Amino acid sequence: MQPFTYQALPTRVVFGAGAFARLPEEAAAVATRLLVLATPEQAGLAEDAGGRLGDLCAGVFAGAVMHVPVATVDAAEAALRRAGADGLLAIGGGSTTGLAKAIALRTGVPIVAVPTTYAGSEMTPIWGLTEDGVKRTGRDRGVLPRTAIYDPLLTLSLPPRLSAVSGLNAVAHCVEGLYAENANPLVSIMAEESIRAIGRSLTRVIHTPDDLPARSDMLYGAWLGGVVLGSVGMALHHKLCHTLGGTFNLPHAETHAIVLPHAAAYNAAAAPEAMMRVARALSSKDGPGGLYDLLAGSGAPRGLKDIGMPEDGLDRVVELALTNPYYNPAPLAEGPLRALLGNAFEGRAPVVAPPAEAVA
Ligand code: NAD
């Protein structure tokens, strides 16, 4: 057994079909008046939540958008102050939770999160903020939601494509968690279990979006994926996706879904135990191949070229990936990185690099 350090996350988790009904009692344990946050698309759900909260509801701000622009945070914080709220209810996906975290970072108000995608942000201390086109991220335990209510009934409406890429986003947290620099045995158990749960349910929710047992499995896997992301550090895959998203404005979850099999292939020789666990969780011959099959079976786009990536930008991504050194199991080298991105661009099957090839 390798030495390790483990720090449990303090967020209270309430999980199950119908758990949303427990919102009033759970919210009352956290704050006296909560501002409900949502995207414009989920304004109806936010109003429903506000109605359930009754006197605990200080108002609804349904203006959350992707990437947490600072102007949105300013507007939501002003709404919080106007309403005299002392808590936030974030109901929705990673964009809404991200808005709540950015307000919590400024004001210290506690958050209740009701996630409706598989992004997992509600279980992480990671915040993000976009100003002048640049997204900054950081870790602060003060932004961790006090309570997360996971109700699979709220995910039945998640469209098939979003379900696919959001689920693969959760799998990405787990694959990198398995070979993280600070990996630990408990988090690795969660990571493998998450991949197993999502692997067996992903195609079911795509073909039958109202399959409640499969939706429960997906949300369970998403919760575990969030714990993994919130507990250990990430590596090449997340770095590449951050660069692709930030520099070329590619959609977050789609980018993760496409790059994952290739990043796993890049690291396969350097992280054999992690890849064995991925393969075992997916009942596949090998980890990268199993991840690619999962992507292919989901019907989501397979190539970066399909989601707006310009081919002449690939060299720039390699350059950026090499400029700020960071932990990765396999050493970062220009040729293999360019090959990885070329395969991801075209949507080809991943190519497992031999160990010597990764060390240029
Ligand atoms: P999202 O929150 O942007 O949601 C996408 C769209 O789906 C929105 O219009 C939303 O209203 C809608 N939607 C959400 N749930 C729905 C449902 N059940 N039914 C119908 N529509 C629904 O997407 P996301 O993938 O959850 O989040 C992506 C963002 O989260 C990115 O900006 C990413 O950086 C961030 N993120 C942060 C962390 C973290 O730890 N800080 C982790 C993962 C993702």
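## Strand β4 and its partners

In this predicted model, G92 has P115 of strand β5 as its bridge partner. That bridge belongs to a wider pairing. Strands β4 and β5 (residues 111–115) run parallel and are joined over five bridges. Between these two strands the chain passes through helix α4, residues 94–107. The resulting β-α-β crossover is right-handed.

β4 also pairs with strand β2, which spans residues 34–37. This pairing is parallel too, and it extends over four bridges. One of its bridges links L34 to G87 of β4.

## A buried strand

How many of the six residues of β4 are buried? Six of the six are, so the strand (residues 87–92) is largely enclosed by the rest of the structure. Here buried means a relative accessible area under 20%.

Both faces of β4 are covered. On one side sit G87, L89 and I91, and these are buried. On the other side sit L88, A90 and G92, which are buried as well.

## T39, a loop residue

Where does T39 lie? It is in the loop between β2 and α2, and α2 covers residues 43–53. Is T39 buried or exposed? Its relative accessible area is 12%. The cut-off for buried is under 20%, so T39 counts as buried.

The side chain of T39 makes a polar contact of 3.2 Å with the side chain of E41. T39 also touches residues farther along the chain. Setting aside neighbours within four places in sequence, its contacts are A62, A64 and T96.

## Around the ligand

T39 appears again at the ligand. It is among the closest of the 23 residues that surround the ligand, together with S95, T116, T117 and T124. Which element gives the most to this shell? Helix α4 does, with three residues. This is the helix that the chain follows from β4 to β5.

Several polar atoms of the protein approach the ligand. At Q42, an N or O atom of the side chain is 2.9 Å from a ligand oxygen. At G94, a polar backbone atom is 2.7 Å from an oxygen of the ligand. At T116, an N or O atom of the side chain is 2.7 Å from a ligand nitrogen. How much of the ligand does the protein bury? Taken alone, the ligand exposes 860 Å², and the protein buries 85% of that area.

Terms used: Residues numbered from 1 in each chain as written. Predicted model: local features only at pLDDT ≥ 70, side-chain atom pairs only at ≥ 80, totals over all residues. Heavy atoms only, no water. Buried < 20%, exposed > 50% of the residue type's maximum accessible area, 1.4 Å probe, protein only. Pairing = 2+ DSSP bridges. Right-handed = clockwise from strand over helix to strand, strands pointing away. Polar contact = N/O pair within 3.5 Å; in protein donor to acceptor, adjacent residues only side chain to side chain. Contact = heavy atoms within 4.5 Å. Near = heavy atom within 4 Å. Areas by Shrake-Rupley, 256 points an atom, 1.4 Å probe, with all protein chains shown as cover.
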